[in-house]
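Subject: Structure for your review

Dear colleague,

Please find below the structure that I am handing over to you. My notes on what was found in it follow directly after.

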Amino acid sequence: MGEYHGVMDEEILKAFEEMGYNRDTVQVLHLVPILQVAWADGEISAAEQQEILKIAAARGVSEGTPAHAQLMSWLSSPPPPEFFERTVSLISNLLEALPESRRVDLQNDLLGASFSVASASGGFLGLGSKVSADEKQLLERFRKDFETAHRAALEKAKKA
């Protein structure tokens, strides 16, 4: 699992396992914030599901794999709020452990993909904002959490 994410921090790897991730499902970790945005209004639209599956495929989540099965399970029934909270916290810890260039790339990817899913449906007759107030709130929270992780990583680097 550590090889997949490029981190060998034992605490983070242990947290992966405690959350139920293993070597076959760890690649869906970064899809959890995207799923949380999609579930923000209590349901996932067909357009949001299609966007999530497109993003997952681009990240190597193939049909017939345990990772794909886990994703399909989350698309049919939302994980509990605590799962989303713990996973986003785990991702923030992961971001702190990554080298700066990888951290920035991952932050941008997560935020961009989350916005893409939030924009996949919504609005009224194609008018107005496609991103709901709940989705905007989540996107802003992710941005703040990831910025905090970035600042913490920079402080650690200064002390090293």
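**Findings**

Ser76 is found in helix α5. With a relative accessibility of 59%, Ser76 counts as exposed, because the cut-off for that class is over 50%. Its C-alpha atom lies 9.2 Å from that of Glu43, although the two residues are 33 places apart in sequence. Please note that this is a predicted model, and that the values below are computed from it.

**The chain as a whole**

The chain holds eight helices and zero strands. Read along the sequence, its pattern is therefore simply α-α-α-α-α-α-α-α. Of the 160 residues, 41% are buried. The chain exposes about 8,600 Å², and carbon and sulfur atoms supply 52% of that area. Among contacts between residues at least 6 apart in sequence, 70% join residues that are at least 24 apart.

**Helix α3**

Helix α3 covers residues 32-39 and is mostly covered, as eight of its eight residues are buried. These residues are Val32, Pro33, Ile34, Leu35, Gln36, Val37, Ala38 and Trp39. Which helices do the buried residues of α3 pack against? They pack against α4, α5 (66-76), α6, α7 and α8.

Ahead of this helix, in the loop between α2 (10-18) and α3, is the place of Thr25. Thr25 has a relative accessible area of 9% and is buried. Leaving out residues up to four places away in sequence, Thr25 touches Gly20, Pro66, Ala67 and Gln70.

**Pairs of helices**

Two packed helices are described by the angle between their axes and by the distance between those axes. Three pairs are set out here in those terms.

The first pair is α2 with α6. Their axes are 10 Å apart, and the helices pack at an angle of about 160°. The two helices are therefore roughly antiparallel to each other, and their crossing is left-handed. On the α2 side the contact involves Ile12, Ala15, Phe16 and Glu18, which meet Arg86, Leu90, Asn93, Leu94 and Ala97 in α6. Sorted by class, the residues of this contact divide into six nonpolar, one polar and two charged.

The second pair is α6 (residues 81-97) with α8 (residues 133-159), which pack at an angle of about 35° with their axes 8 Å apart. This crossing is right-handed. From α6, the residues in the contact are Glu85, Val88, Ile91, Ser92, Leu95 and Glu96. They meet Arg141, Phe142, Asp145, Phe146, Ala149, Ala152, Ala153 and Lys156 in α8. By class, the contact has eight nonpolar, one polar and five charged residues.

The third pair is α4 (residues 46-58) with α7 (residues 100-118). Their axes come within 8 Å and cross at roughly 155°. What does this angle say about the directions of α4 and α7? Angles over 145 degrees count as roughly antiparallel, so α4 and α7 are roughly antiparallel to each other. Glu48, Glu51, Ile52 and Ile55 in α4 meet Ala113, Ser116 and Val117 in α7. The classes represented in this contact are four nonpolar, one polar and two charged residues.

**Two residues of helix α7**

Leu106 and Gln107 both deserve a separate note. Leu106 is found in helix α7. Is Leu106 buried or exposed? At 7% relative accessibility, Leu106 counts as buried, since the cut-off is under 20%. Not counting residues up to four places away in sequence, Leu106 touches His30, Leu94, Leu95 and Leu98. The C-alpha atoms of Leu106 and Ile91 are separated by 9.9 Å, and these residues are 15 apart along the chain.

Gln107 also lies in helix α7. Its relative accessible area is 10%, and Gln107 is therefore buried. Apart from neighbours within four places in sequence, Gln107 is in contact with Leu95, Phe146 and His150. Leu95 and Phe146 appear again in the contact of α6 with α8 described above.

With kind regards

Terms used
Residues are numbered from 1 along each chain as its sequence is written. This is a predicted model: local features need pLDDT of at least 70, side-chain atom pairs count only at pLDDT 80 or more; totals for chains, interfaces and linings use all residues. Side-chain values use heavy atoms; hydrogens and water are left out. Axes are lines fitted to C-alpha atoms, for helices over the stretch in contact, and angles run from 0 to 180 degrees between N-to-C directions. Helices (H or I, at least four residues) and strands (E, at least two) are DSSP runs, numbered from the N terminus. Angles under 35 degrees count as roughly parallel, over 145 as roughly antiparallel, 65 to 115 as roughly perpendicular and the rest as oblique. Contact means heavy atoms within 4.5 Å. Ala, Val, Leu, Ile, Met, Phe, Trp, Tyr, Cys and Pro count as nonpolar, Asp, Glu, Lys and Arg as charged, and the others, Gly among them, as polar. A crossing is left-handed if the near helix is turned anticlockwise from the far one by less than a right angle, and right-handed if clockwise. Buried means under 20% relative accessible area, exposed over 50%, partly exposed in between (1.4 Å probe, protein chains only). Accessible areas come from the Shrake-Rupley method with a 1.4 Å probe; for residues, only the protein chains shown count as cover.
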